[in-house]
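Here are a few exercises to work through with the model open beside you. Try each task before you read its solution.

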Amino acid sequence: MHSDPMTTLEAITHRIAPGIAPEDAQILRAAVLAAGEKLHSAEARIARLERTIAASKQGFSTSVAAYRSLLETFQTFRRTIDRILQLTDLEDLPEVLEAIRMETHLPAVRLVLDADLFARHLPEDIPAAPASELLDRLTFLEDRRGRLSPYIGPAARVPDPAFFLDLDLPGRGSCVIFPLRHKYDARRTIGIFSALDTDPERFSRTKATDFLDHFCAILSSTLVTALEHAELDALTVRDSLTGIHNRAYMERHAPRLLDLARRKGRSVQLLFIDLDGFKAVNDRLGHDVGDLVLVQVARTLAGMVRSYDICVRLGGDEFAILMPESSPEDARTLTRRLEEAVLGIHIPAHTGMNHHIRVSASIGIASWQPDWSFEELLRQADVAMYAAKARRGQSITVREPLPSSAPHV
């Protein structure tokens, strides 16, 4: 059993004072060597222990970093899913996609939908393509069995990057392109979802795609549900007789357009249209014929407005057209064209009755003011229309804004 080097050295110190004998010197040297060996061995053990601790800390830090990364990915996935599940109106799709893009820190996300299903209900910012064209574009995703599989990899390998990624030239990063399936018919493709990143390693086959698969499945299901809501809603905002939108539709969407015009400093016009001579049609030919005339007038009006104008039947023989981003001159030009078109409707051709009856239109124009509500804008146009009708042949009237307290005519 070895004694402690320090104890041995202390004993020798007492024995050699005041002088050191040869044997004591030998013992001292042996003790010092033994102590050195023990210190060296202890230092080696400490170094090994420090390396073990450092490796453990590094492994722990790596595990913590991986866990945090996974947790962050999951939280991002959860937030994007929440965004999708909140979608109830297809009009909100651009805002939802932008929120997803920001949540995932991606340069671009893109959605292209089946025009045969969605076109009537999509905002202008969301592209659509006929089902046949969509399938033709997606042939590069087909496997040997003809089944569509997601593309995950370099953006430079994507054919037609303008269609899939909204790029004029092939990208240098990585991307995903997922075909979206109809939730009631897995064989039907309703569109594609794509995402682009400048990082060439962001999307690759070596990484798990569980989150993306699940995200696109929920996106597909939500889109179909929103489409069902839109189609059901269309039944409540379309005029049952003429097929164009009704007053409820304009009252729902006009405030949003006016708010946008207020924020962007843009001009909005409203045309209030009332038919002249329509009572004679009902009195002489009957209400069934009158209904046929209303249908033809509605089709004529709706066929002459821009895709982002709102053309509605207010009720009876009254119609209205809301013209965002339009000047008074734009409204006057359209008014002249509408007058000519309505006057040119050949009633016998649409009613099957050979009577010499013609209808014309009295049209009032109101230029929206930033402090007006939609109700005030409609009232101003209504007043302008009555003034036009009173002029006996002058059916174009642009009224100066009336005070908000002006009585309703």
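**Exercise 1.** Find the salt-bridge partner of aspartate 185 and decide how exposed each of the two residues is.

*Solution.* Start with the criterion: a salt bridge is a side-chain nitrogen of Lys or Arg within 4 Å of a carboxyl oxygen of Asp or Glu. Aspartate 185 meets it with arginine 187, their closest N and O atoms being 3.3 Å apart. Next, take the accessibility classes: buried is under 20% relative accessible area, exposed is over 50%, and partly exposed lies in between (1.4 Å probe, protein chains only). Aspartate 185, at 28%, is partly exposed, and arginine 187, at 75%, is exposed.

A word on the source: this is a predicted model, in which local features need pLDDT of at least 70 and side-chain atom pairs count only at pLDDT 80 or more, while totals for chains, interfaces and linings use all residues. Residues are numbered from 1 along each chain as its sequence is written, and side-chain values use heavy atoms, with hydrogens and water left out.

**Exercise 2.** Is aspartate 197 buried or exposed, and which arginine does it pair with?

*Solution.* First look for the partner: aspartate 197 forms a salt bridge with arginine 202, with 2.6 Å between the closest N and O atoms. Then check accessibility: aspartate 197 has a relative accessible area of 8%, so it is buried. Arginine 202, at 31%, counts as partly exposed. Elsewhere, salt bridges with shared partners link Arg79, Arg83 and Glu103 into one network.

**Exercise 3.** Classify both ends of the salt bridge between arginine 147 and aspartate 143, then give the salt-bridge count.

*Solution.* The closest N and O atoms of this pair are 3.3 Å apart. Arginine 147 is partly exposed at 46%, and aspartate 143 is partly exposed at 29%. By the same rule, the count comes to 24 salt bridges.

**Exercise 4.** Place glycine 316 in the fold and state how far its C-alpha atom is from that of aspartate 291.

*Solution.* Helices (H or I, at least four residues) and strands (E, at least two) are DSSP runs, numbered from the N terminus. Glycine 316 sits in the loop between strand S8 (310-315) and strand S9 (318-324). With a relative accessible area of 41%, glycine 316 is partly exposed. Finally, the C-alpha atoms of glycine 316 and aspartate 291 are separated by 9.6 Å, the two residues being 25 apart along the chain.

**Exercise 5.** Where does glutamate 124 lie, and is it buried or exposed?

*Solution.* Glutamate 124 belongs to the loop between helix H4 (115-118) and strand S2 (128-129). Its relative accessible area is 60%, so glutamate 124 is exposed.
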